[in-house]
Amino acid sequence: MAVQIAEGVYWVGAVDWDLREFHGHSYRTHRGTSYNAYLVVDEKVALVDTVPTGFTDEMLHRIAEVVDPARIDYLVANHGEPDHAGAIPAVLAHAPQAVLVCSRRGIDSLSKYYAGIRQPQVVGSGDSISLGRKTLVFLEAPMLHWPDSMFTYIPENRLLLPNDAFGQHLASAHRFADEVDSSVLWDESRKYFANILTPLSPLVLRKVEEVQKLGLQIEVIAPSHGLIWRKNPMQIVEQYVRWARGEARAQALVVYETMWGSTAELARAIAEGITAADVEVQVYALPQEDLTNVMGALLEARGLVVGSATHNRRTLLHVAALMEDLLALRPVNKIGAAFGSHGWSGGAVPLLEKALREAGIEVVQEGLAVAWWPDAEERAQAVAFGRAFGERVKDSGTGSK
Ligand code: FEO
C-alpha cells in the first residue's frame, strides 16, 4: 500500500524481507531492507528515486493507488546505484513526457547502467523545480556515499529526502522509525553507518554543518532504506555527528581467529584482563561472527584487540578479511593491539600491527605472541596484556579527539 508520509507525499517503494547480502557479500543485511521511493503529488507529479528492477511492478502498483504513473512529470534520481535507479527505464516508459533529473555526476552512472535513457536535466546545490505549490530543492552530497549522491528537500513539507544517508537496512511492515523497536532501529542504524559511512566521516561532519548553515527546517527525514524519521528527526543527524567524530564508549572488542584453540585461549585471558580493568569487553570469534556485526560493534567501542594464529607465516584468512575491511572503513579515533599463537614460526602478530596502523588505529602496546599453547605463565601474561589495554581504553577517554 502507498503510505502518505507528509501532505501530498507518499511512500511507494518496496520491502525486501529476504535480502541477506548487500554490496556483493560485504554487508550482511540480517534483517532485510527496503527501497524507498517517494511520490510527490501537486499540480505536477514527481517521483524521487525508484526501486531495483525486481520490484518495479510493486512500485508501479503503489504509484497507481495515488496517480496514474503516466502522469509523472519529473523523475529525480538522487543516486544511480541500481537499488534506487533500477526501475528508471520502466518509469520513463510509462511516462514518456517525464523529465529525468540528476546531479552532474549522476549522468556518468545512469548513462552506463541504463544505456539509451533520455538525457537528464542536471541540477546542482540550490537549484529547484516548482511542482505548483510544492518545490523540489536540490543539495549535492558528493561521497554521501558516492560522487553522484544528492539530497532532495521539499520546503513546503519541511521534508528531507537524503537517499542513502540516515537509513538502515531493515525490512519492516512499518514505515516510521517511531513505530518499531528502538533497539533494533538503532542497531541497524549503527551497522549501516559503520559499514557504509565510516570512511566518509569528515564529509558527514561537513555536510551536516552545511545543512545547519542553510537553516533548513526539517520535520521529516525520509531516507532511501529503512524507516522514516518523523518524531525528533534530528536525533539521527546528531547521532551521525557523534559517530563521525569517533565518540565511543569505554569498551574494547577482542576479535580473533584460532587454528587449534590456543589463540582462542589467549583471547579469553585477554578479555579477563580487560574486565579486571573495569572496562566492558565483547569477544568475537571469526568466522562465527560476521564482519558486518563486528564493524557495527566497533563503531561505539574505543579499543580493538585483534588476534590470529600464524599459518604459513601469515594471518588466517578471516582475520585478513577483517584487516582489509578496517583498511577500507578506517574507523575513527580507535586504539588497538595484536596477539596470536604460532607453531614452528611466527609472523601474524607483526602483520596485524602493521595493518592496524595502516587503518589509522593507534597501536598502544607491544603485541603478544605465544608458541604452541599458553602455559600458566603465558596465560597470566595474556591477562596482564588485557588489563594494560583496558587501562589504555580508560585513559584515552570516550569523547572525540
Ligand atoms: Fe548507494 Fe542504497 O545505494
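The structure, a predicted model, holds 22 salt bridges. Three of these pairs are set out below, each with the gap between its closest N and O atoms.

| Lysine | Glutamate | Closest N and O atoms |
|---|---|---|
| Lysine 134 | Glutamate 7 | 2.9 Å |
| Lysine 207 | Glutamate 210 | 2.9 Å |
| Lysine 394 | Glutamate 391 | 3.6 Å |

The pair of lysine 134 and glutamate 7 links two loops. Lysine 134 sits in the loop between β12 (128-130) and β13 (135-140), and glutamate 7 in the loop between β1 (3-6) and β2 (9-11), so the salt bridge ties together parts that are 127 residues apart in sequence. Lysine 134 has a relative accessibility of 2% and therefore counts as buried. Its partner, glutamate 7, counts as partly exposed because its relative accessibility is 49%.

The other two pairs each lie inside a helix. Lysine 207 and glutamate 210 belong to helix α6 (residues 201-214); because they are 3 residues apart, about one helical turn separates them. At 9% relative accessibility lysine 207 counts as buried, whereas glutamate 210, at 31%, counts as partly exposed. Helix α12 (residues 376-395) contains both lysine 394 and glutamate 391, again 3 residues apart, or about one turn of the helix. Here lysine 394 is partly exposed, with a relative accessible area of 38%, and glutamate 391 is partly exposed as well, at 30%.

Salt bridges also join into a network, whose members are Arg31, Asp187, Glu188, Arg190, Lys191 and Glu300.

Turning to the nonpolar interior, the largest core has 88 residues, and the members that touch the most others in it are Leu47, Met59 and Leu326. Leaving aside residues up to four places away in sequence, methionine 59 touches Val12, Ala37, Leu47, Thr50, Val51, Ala87 and Val91. There is also a second, separate core of 26 residues, with Tyr38, Val101, Leu131 and Ile154 among them.

On the surface, Trp344, Trp372 and Trp373 make a nonpolar patch of about 500 Å². Tryptophan 344 is located in the loop between β20 (335-342) and α11 (348-358). It counts as exposed because its relative accessibility is 84%.

The backbone has some features that depart from a general pattern. Most peptide bonds are trans, and most residues other than glycine have a negative phi. Leucine 144 and histidine 145 are joined by a cis peptide bond with omega of about 15°. Histidine 145 is placed in the loop between β13 and β14 (150-154). Methionine 143 is in the loop between β13 and β14 too, and has a positive phi of about 70° although it is not a glycine. Methionine 143 is partly exposed, its relative accessible area being 28%.

A further cis peptide bond joins leucine 286 and proline 287, where omega is about 5°. Proline 287 is found in the loop between β18 (280-285) and α9 (291-299). A positive phi also occurs at arginine 158, a residue other than glycine, with a value near 50°. Arginine 158 lies in the loop between β14 and β15 (159-161), and at 34% relative accessibility it counts as partly exposed.

Terms used. Residues are numbered from 1 along each chain as its sequence is written. This is a predicted model: local features need pLDDT of at least 70, side-chain atom pairs count only at pLDDT 80 or more; totals for chains, interfaces and linings use all residues. Side-chain values use heavy atoms; hydrogens and water are left out. Patches are made of residues with over 30% relative accessible area and no salt bridge: like charges are joined within 9 Å, nonpolar side chains (Val, Leu, Ile, Met, Phe, Trp, Tyr) within 5 Å. Accessible areas come from the Shrake-Rupley method with a 1.4 Å probe; for residues, only the protein chains shown count as cover. A salt bridge is a side-chain nitrogen of Lys or Arg within 4 Å of a carboxyl oxygen of Asp or Glu. Helices (H or I, at least four residues) and strands (E, at least two) are DSSP runs, numbered from the N terminus. Buried means under 20% relative accessible area, exposed over 50%, partly exposed in between (1.4 Å probe, protein chains only). A nonpolar core is a set of buried Ala, Val, Leu, Ile, Met, Phe, Trp, Tyr and Cys residues joined through side-chain atoms within 4.5 Å. Contact means heavy atoms within 4.5 Å.
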